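Hello,

Here is the structure we talked about, passed over to you for your own reading. My notes on what turned up in it follow below.

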Amino acid sequence: MHDAAPRRPSAEPAEPPRRPAGALEAEVMAVLRAADAPLTVGQVRERLALRPHGELSYSTVVTIVSRLHAKGLLARERAGRGFAYTPVDPASLAAGQMSRALDGGVDHGAVLTRFVSGLSGRDARLLRRLLAGGDGQDRG
């Protein structure tokens, strides 16, 4: 009986560990939030390449940015033949979610009643001021 020959290490470099689910989207959002202006896919890719996980293909970044835009998390504007992206501010994101809930063909009165009944006193007062044409500045 012969002992097996010792295994030699593979000459191929080890692949970097895979990112956890959602991590790449989070990295793209972090890059865009840190930017002082909208970024193109190429610019996002360049900034991601400086991070520990290494370089990504252009098509991978396009896919991630497109998914984030489809989810309503990114706004885009024309930049040459492509687009430049910027994160949607939290207030606009929340307002968009509320609009989509109302557009779902459900009973608007029921949705709004449930929403309003869950408001704090302070938020209810602010909503009354907004509906009355106030400036929305909460003064207490």
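Setting aside neighbours within four places in sequence, Glu25 is in contact with Ile64, Arg67, Leu68 and Lys71. Please keep in mind that this is a predicted model. Glu25 lies in helix H1, which covers residues 23-34. With a relative accessible area of 17%, Glu25 counts as buried, because the cut-off for that class is under 20%.

One of those contacts is also a salt bridge: the side chains of Glu25 and Lys71 meet at 3.0 Å, N to O. This pair links distant parts of the chain, with Glu25 in helix H1 and Lys71 in the loop between helix H3 (58-70) and strand S2 (74-79), 46 residues apart. The partners differ in cover: Glu25 is buried at 17%, whereas Lys71 is partly exposed, at a relative accessible area of 45%. As background, side chains of opposite charge can pair when their charged atoms come close.

How many salt bridges does the count come to? The count is 2. Besides the pair already described, the side chains of Arg45 and Glu55 meet in a salt bridge, at 2.8 Å from N to O. Arg45 sits in helix H2 (residues 41-49) and Glu55 in the loop between H2 and H3; the two are 10 residues apart, and the pair is again one that links distant parts of the chain. Arg45 is partly exposed, at 26% relative accessibility. Glu55 has a relative accessible area of 58% and is therefore exposed, the cut-off being over 50%.

On aromatic side chains there is less to report. The structure holds 1 aromatic pair. It is formed by Phe83 and Tyr85, whose rings are 6.4 Å apart centre to centre, with 55° between the planes, which makes the pair tilted. Is Tyr85 buried or exposed? Tyr85 is buried, at 6% relative accessibility. Phe83 is partly exposed, with a relative accessible area of 24%.

There is also a nonpolar patch on the surface, formed by Met98, Phe115 and Val116, with about 250 Å² of accessible area together. Met98 belongs to helix H4, which spans residues 90-103. Met98 has a relative accessible area of 38% and is partly exposed; it can therefore be part of a patch, as patch residues need over 30%.

Now the chain as a whole. The protein chain has 6 helices and 3 strands, and along the sequence they follow the pattern α-β-α-α-β-β-α-α-α. Of the 140 residues in the protein chain, 19% are buried. The accessible surface of the chain comes to about 10600 Å², and carbon and sulfur atoms account for 55% of that. Among contacts with a separation of 6 or more, 35% are between residues 24 or more positions apart.

Last, a word on confidence. The average pLDDT of the protein chain is 84, and 79% of the residues score at least 70. Confidence is highest in strand S1 (residues 39-40), at a mean of 97, and lowest in H4, at 84. H4 is also the helix that holds Met98 of the nonpolar patch. Where pLDDT is low, the predicted coordinates should not be read in detail.

Regards

Technical notes
Residues numbered from 1 in each chain as written. Predicted model: local features only at pLDDT ≥ 70, side-chain atom pairs only at ≥ 80, totals over all residues. Heavy atoms only, no water. Patch = residues over 30% accessible without salt bridge, like charges linked within 9 Å, V, L, I, M, F, W, Y side chains within 5 Å. Areas by Shrake-Rupley, 256 points an atom, 1.4 Å probe, with all protein chains shown as cover. Salt bridge = Lys/Arg side-chain N within 4 Å of Asp/Glu carboxyl O. Helix = DSSP H or I, 4+ residues; strand = E, 2+ residues; numbered from the N terminus. Buried < 20%, exposed > 50% of the residue type's maximum accessible area, 1.4 Å probe, protein only. pLDDT = per-residue confidence, 0-100. Contact = heavy atoms within 4.5 Å. Phe/Tyr/Trp six-rings, centres within 6.5 Å; stacked < 30°, edge-to-face > 60°.
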